[in-house]
Every structure is written in structure tokens, then in C-alpha cells.
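Here is a quick tour for anyone meeting this structure for the first time. Have a look at the sequence and the model, then read on.

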Amino acid sequence: MAKASLPSVSLSGSKGSIRLDPTGLLLEQDGTRRRIPLPAVAEVRVDPSGRAASVVLTAPDGTEATRYRIAGPNVASVTAFARAVNAALPERAPGARLGDGADLVEVLDAPAAARTPARQGVEPLLVLIVVACAVPVIGYLAGLVQLIVVGRWFGLVLYVLGVKPVVFGAAGIAMGAHALYIRAVLLRRGVSVVANPGSKSAGKLRCHFTDAEGVTRSVEVNDASVVVDRKVHLAYDPRNPSRAVGRLPVHKRILYALGVALAFPLLALGLFMVPYQVYLSLR
């Protein structure tokens with residue numbers, strides 16, 4: 001018997017996508033949408049490469065079964081999808097005669113256009129944050145005193161005004177590096193799912209989904225994430241399910257990339273206005 005609560009697993013590649021929902025498997029491939037009921041599925045097989053899965057339909061003895069092959073983003077996502085679907089298939093009596101699953105597949109319209117508990121032991125992290133904030137503040141005040149003592153008044157003006165370029169430039173680079181790290185991690189081991197969008201707050205969209213283990217999760221992703229058929233396609237880290245990212249539209253990716261690119265000259269300007277002025281005062 002199928003699970004009462006099905007995982008929201010999905011696969012998406014350059015040649016199509018497929019997801020598991022309460023009605024069965026929803027396949028989008030070659031410009032056509034198909035709904036495949038779970039009783040029509042014999043099994044889901046993972047390719048030897050581990051990067052693609054084949055949905056094999058039931059078939060009478062002596063006939064060739066219909067197959068649908070979908071590539072995934074990584075081995076972890078493909079494996080999780082196959083395991084979840086196979087576990088959700090209805091039980092069949094040994095030796096039961098199987099009909100042709102292709103007769104149960106429903107052809108739908110063309111694809112619609114895009115329209116873990118918290119970790120404990122945060123004290124060391126808090127100490128690290130305090131130290132990381134205190135050291136540059138103390139260094140900045142020491143530099144301020146140095147410029148006043150030697151009487152470099154023009155350098156002092158640059159020093160004061162240069163705080164914003166340093167902060168914004170460093171923050172932009174840090175956020176870009178963090179986002180790149182998260183996407184690199186999820187590209188390597190992320191599991192693709194479809195989630196139900198919820199409320200928006202402070203640029204974040206709260207989403208709910210059932211992971212590959214059948215556990216209901218709630219995560220926050222960028223509120224610009226693409227919503228298709230009132231579903232958000234996202235990838236989560238099975239080792240840290242609270243880490244997830246949604247699929248962003250192309251124009252948003254370009255804007256974020258430009259923002260990170262502008263952070264480098266902004267930081268360079270700030271370094272000239274702040275630490276370099278202190279260096280000149282020491283010569």
C-alpha cells in the first residue's frame with residue numbers, strides 16, 4: 001500500500017522533469033505532460049552512472065515495458081527519488097498478472113510556463129562572532145588615533161568616509177561567496193523536491209515539503225524563486241535539511257552576479273581610504 005504521506009521528491013534535467021505527488025508521477029518531457037499513476041509503475045531503476053533514473057511501467061508477460069528516462073542533477077537526488085518512489089508503490093501479490101501500465105498513463109496539456117531541528121551548542125559560534133566584530137572595531141579606533149596624532153587631516157576625512165565602502169564591499173563579497181558555496185554543496189549532494197509556498201517575509205519565502213524520508217520540512221528560500229503550478233522547485237541538503245535554495249529566474253541571477261562584481265571595486269576603494277591611509281601615516 002502506498003504511503004499516507006508521500007515525499008515531495010523530484011528530478012529535473014535538460015530534457016525533462018518528474019515529480020512524485022499524491023496523484024502519482026507527474027512527468028514533463030518532450031513538450032508533453034503525463035500523469036503516471038503509481039499502480040502503473042513496476043519500478044524505478046537507477047542508471048549505472050547514478051545520474052539518471054528510468055521509470056519502468058508494468059507490462060504483461062512477453063511484452064516490452066514502456067520506460068521514461070529522466071536525468072537528475074546529481075547521484076544523491078536520483079537515488080533519493082528512486083528509493084522514495086519504489087517505497088511508495090502499491091504492494092502486489094507474488095505472481096499477479098500485470099496489465100500494460102501505459103494504458104493508465106494520462107496525457108495532459110503542454111508544460112505550464114513558469115509563473116532539521118536547530119543545532120545545539122551555539123556558544124562557541126557566538127564567541128567567534130563577537131571576536132570577529134571586536135577586532136576590526138579596535139583596529140579602526142587605533143588607526144583613527146594614529147591619524148589624529150600625526151595630523152593627517154585629509155587622510156582622516158578619507159578614513160572616516162571609507163568605512164561604508166569597506167563594509168558594503170566586504171559584505172557583498174561574503175554574501176556572494178556564501179551563496180556560491182551553498183549552491184556548490186547542493187549541486188554535489190542536494191535532493192530536488194517540489195514544495196508548497198507559504199508566507200513571505202523580509203525577502204524570504206517559507207516553503208513546506210516532505211523529504212525523501214517522509215519527514216515534513218519547513219525551509220526559507222529567496223522570495224524570487226520560480227513558482228510553477230503553485231509549486232516551488234528547490235533543492236535541499238540531506239545532511240542539513242534546513243539548507244535549501246530555490247530555482248531563480250535568469251534576470252535575478254544576472255542582477256545578483258552584477259552586485260557581487262561591483263563589490264570588488266567598492267572594497268578596493270574602501271581599502272585605499274581606510275588601511276592605506278594608516279600605512280601612509282606610519283611612513
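## A contact in strand 14

Let's start small: the side chains of Asn240 and Ser242 make a polar contact at 2.8 Å. Keep in mind that what you are looking at is a predicted model. Asn240 belongs to strand 14, which covers residues 240-246.

Is Asn240 buried or exposed? Its relative accessible area is 14%, and because the cut-off for buried is under 20%, Asn240 counts as buried.

## An open sheet

Next, find the sheet made of 5 strands, which is open and has the order 1-2-3-4-8. The pairing in this sheet is antiparallel. Its edge strands are strand 1 (10-13) and strand 8 (106-107), and each of them pairs on one side only. As a bit of background, strands of a sheet pair through backbone hydrogen bonds, and they can do so in parallel or antiparallel fashion.

How many bridges join strand 1 to strand 2? There are 4 of them, and strand 2 takes in residues 16-21. The two strands run antiparallel. If you want a spot to zoom in on, try Ser10, which stands opposite Arg19 in strand 2.

## Salt bridges

Now for the charged side chains. In general, side chains of opposite charge can pair when their charged atoms come close. The structure holds 8 salt bridges. One of them is between the side chains of Arg35 and Glu106, at 3.5 Å from N to O. This pair links distant parts of the chain, with Arg35 in strand 4 (residues 32-36) and Glu106 in strand 8, 71 residues apart. How covered are the two partners? Arg35 has 25% relative accessibility, so it counts as partly exposed. Glu106 is at 40%, and that also makes it partly exposed.

Another salt bridge joins Arg206 and Glu220 through their side chains, at 3.0 Å from N to O. Here too the pair links distant parts of the chain: Arg206 sits in strand 10 (residues 204-210), Glu220 in strand 11 (residues 216-222), and they are 14 residues apart. Arg206 is partly exposed, with a relative accessible area of 29%, and Glu220 is partly exposed at 40%.

Then there is Arg45, which forms a salt bridge with Glu43; their closest N and O atoms are 2.4 Å apart. Arg45 has a relative accessible area of 37% and is partly exposed, while Glu43 is partly exposed with 29%. Finally, Glu28, Arg33 and Asp229 are linked in a network of salt bridges.

## A nonpolar patch on the surface

Which residues form the nonpolar patch on the surface? They are Val163, Val167, Phe168, Leu266, Leu269, Phe272, Tyr276 and Tyr279, and together they have about 730 Å² of accessible area. The elements that give two or more residues to the patch are helix 4 (163-189), helix 5 (250-273) and helix 6 (275-282).

Take Val167 as an example from this patch. You'll find Val167 in helix 4, and its relative accessibility is 47%. Since exposed means over 50% and buried means under 20%, Val167 lands in between, as partly exposed.

## Aromatic rings

The structure holds 4 aromatic pairs. One of them is formed by Phe272 and Tyr276, and this pair is stacked: the centres are 5.5 Å apart and the planes are at 25°. Why does that count as stacked? Because the angle of 25° falls within the cut-off, which is under 30 degrees.

Phe272 has a relative accessible area of 43%, which makes it partly exposed. Tyr276, at 35% relative accessibility, is partly exposed as well. Add Tyr279 and you have one aromatic cluster of Phe272, Tyr276 and Tyr279. These three residues also belong to the nonpolar patch on the surface.

## Back to helix 4

One last stop: Gly176, whose place is in helix 4. With 18% relative accessibility, Gly176 counts as buried. How far apart are Gly176 and Val260 in sequence and in space? In sequence they are 84 residues apart, yet from C-alpha to C-alpha they are 5.9 Å apart in space.

Terms used:
Residues are numbered from 1 along each chain as its sequence is written. This is a predicted model: local features need pLDDT of at least 70, side-chain atom pairs count only at pLDDT 80 or more; totals for chains, interfaces and linings use all residues. Side-chain values use heavy atoms; hydrogens and water are left out. Two strands pair if DSSP finds at least two bridges between them. Patches are made of residues with over 30% relative accessible area and no salt bridge: like charges are joined within 9 Å, nonpolar side chains (Val, Leu, Ile, Met, Phe, Trp, Tyr) within 5 Å. Accessible areas come from the Shrake-Rupley method with a 1.4 Å probe; for residues, only the protein chains shown count as cover. A salt bridge is a side-chain nitrogen of Lys or Arg within 4 Å of a carboxyl oxygen of Asp or Glu. Buried means under 20% relative accessible area, exposed over 50%, partly exposed in between (1.4 Å probe, protein chains only). A polar contact is a pair of N or O atoms within 3.5 Å; within protein, one must be able to donate a hydrogen and the other to accept it, and residues adjacent in sequence count only if both atoms are side-chain atoms. Rings of Phe, Tyr and Trp (its six-membered ring) pair if their centres lie within 6.5 Å; planes under 30 degrees apart count as stacked, over 60 as edge-to-face and the rest as tilted.
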